[in-house]
Amino acid sequence: MPLPVFGAGIWHFGRYVDRYATDGYGPPVNTLEAINLASKVEDLSVVDLTYPFDPSGLAVADVAGVLTMNGLRAVAVTPEIYTRRFNRGAFTNPDAEVRRAAIELVSEAAHVARELGCDYVKLWPGQDGWDYPFQADHRQLWQYSVDAVRELAAAFPDLRFAIEYKPREPRNAMVFSSVARTLLAIEDIGLPNVGILLDFGHSLYGGESPADAARMAIARGRLFAIDVNDNYRGWDDDMVVGSMHPIETFEFFYALVEAGWQGVWQLDQFPFREDSVQAATDGIRVMKRIHRAIGAVDREALHAAQQAQDALAAQRIIQDALYGRYES
């Protein structure tokens, strides 16, 4: 079984800021510097680029040149529709001019994605939602969101748009908060070039089984991309892959392989206090071990255990593949 393509969000190599260390956990890192750092990670082939680039005005040709120089490819562009400008919402902002600005920013990013030959444009409208009961008309927020994505997808039929859902943060509740709600929105949008980016950590944090969520999206032909990381399940900690939930991580990747899904295995880790290159290297190392272990699963025995819904037998089979056969 050939190795998958490994990727990472370019923010993995950036500067991290939170509400305590407002001066950042490290020095500023611009787009080209982040690409150079990404190139130091063994087996990393593609990156998801945030847009606008840093510094503003950085030419697409310059970004493309540095990617080529480092043997990397841009798999996606993520427009920053979650910054201070959109703090009351991007697609759902009460101000029509701000809603239009969000659509225009995504359109700019889509043109960049075309120029770079990306696989998709990622939509993460993190500010679209609400914080308090009765704050908003839920029907209106839903319609704003659906209409905006439909407009974008219709304007760029040659590109794919992948919605990354998340239960909350920065809003207390987000419009695209689960795999089921996002699939319903995609059904309402009614266009073939809109799908899901399934973030493993968001799925955990939202109380889903990531493997089950992936199967739901795949069954409808809508799983366009994945991001992987780990967390304590109570927050989007974006820790190194497999560091907290190795069995569920294994089940997630096993579900992808069994379904014949062939997309990029992409990192979305935030190594606040760790070396970013080392964290990415370790994340890919874990994914390579999981990939190898998938080939060691006794599929016939696992199928029989699942047909009988025998939890302990299934666990033994998976533990043998992942950790090596136990000898008493």
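A pocket here is an open set of grid points where a 1.4 Å probe fits, with protein on both sides within 12 Å along at least five of seven lines. Everything below comes from a predicted model.

**View 1. The second largest pocket, with about 470 Å³ of space.** This one has 21 lining residues, and Glu 251, Tyr 254, Leu 302, Gln 306 and Ile 318 sit nearest its centre. Sorted by class, the lining comes out as 10 nonpolar, 6 charged and 5 polar residues.

**View 2. Who builds the second largest pocket: helices from two domains.** Helices H7 (210-219), H8 (246-258), H10 (299-307) and H11 (311-323) each chip in at least two lining residues. H8 gives the most, with 6 residues. Domain 1 (6-295) and domain 2 (298-327) each put at least three residues into the lining.

**View 3. The largest pocket, at about 1,700 Å³.** Of its 40 lining residues, Tyr 16, Val 17, Tyr 82, Phe 270 and Phe 272 are the closest to the centre. The lining splits into 17 nonpolar, 15 charged and 8 polar residues.

**View 4. Strand S2 (residues 44-51) and its parallel partners, S1 and S3.** S2 is mostly covered, with 7 of its 8 residues buried. Strand S1 (residues 6-9) runs parallel to S2 and is joined to it by 4 bridges; Ala 8 has Val 47 in S2 as its bridge partner. To get from S1 to S2 the chain goes through helix H1 (residues 31-38), in a right-handed β-α-β crossover. Strand S3 (residues 73-79) is also parallel to S2, with 6 bridges between them, and Leu 49 pairs with Val 77 in S3. The route from S2 to S3 passes through helix H2 (residues 60-69), and that β-α-β crossover is right-handed.

Technical notes
Residues are numbered from 1 along each chain as its sequence is written. This is a predicted model: local features need pLDDT of at least 70, side-chain atom pairs count only at pLDDT 80 or more; totals for chains, interfaces and linings use all residues. Side-chain values use heavy atoms; hydrogens and water are left out. On a 1 Å grid over the protein atoms alone, a cavity is a set of points where a 1.4 Å probe fits but cannot get out, and a pocket is an open set with protein on both sides within 12 Å along at least five of seven lines; lining residues have an atom within 4 Å of a point. Grid points are joined across faces, edges and corners, and a volume is the space filled by probe spheres set on the points. Ala, Val, Leu, Ile, Met, Phe, Trp, Tyr, Cys and Pro count as nonpolar, Asp, Glu, Lys and Arg as charged, and the others, Gly among them, as polar. Domain bounds come from an automatic or database domain assignment. Buried means under 20% relative accessible area, exposed over 50%, partly exposed in between (1.4 Å probe, protein chains only). Two strands pair if DSSP finds at least two bridges between them. A crossover is right-handed if, with the strands pointing away from the viewer, the path from the first strand over the helix to the second runs clockwise.
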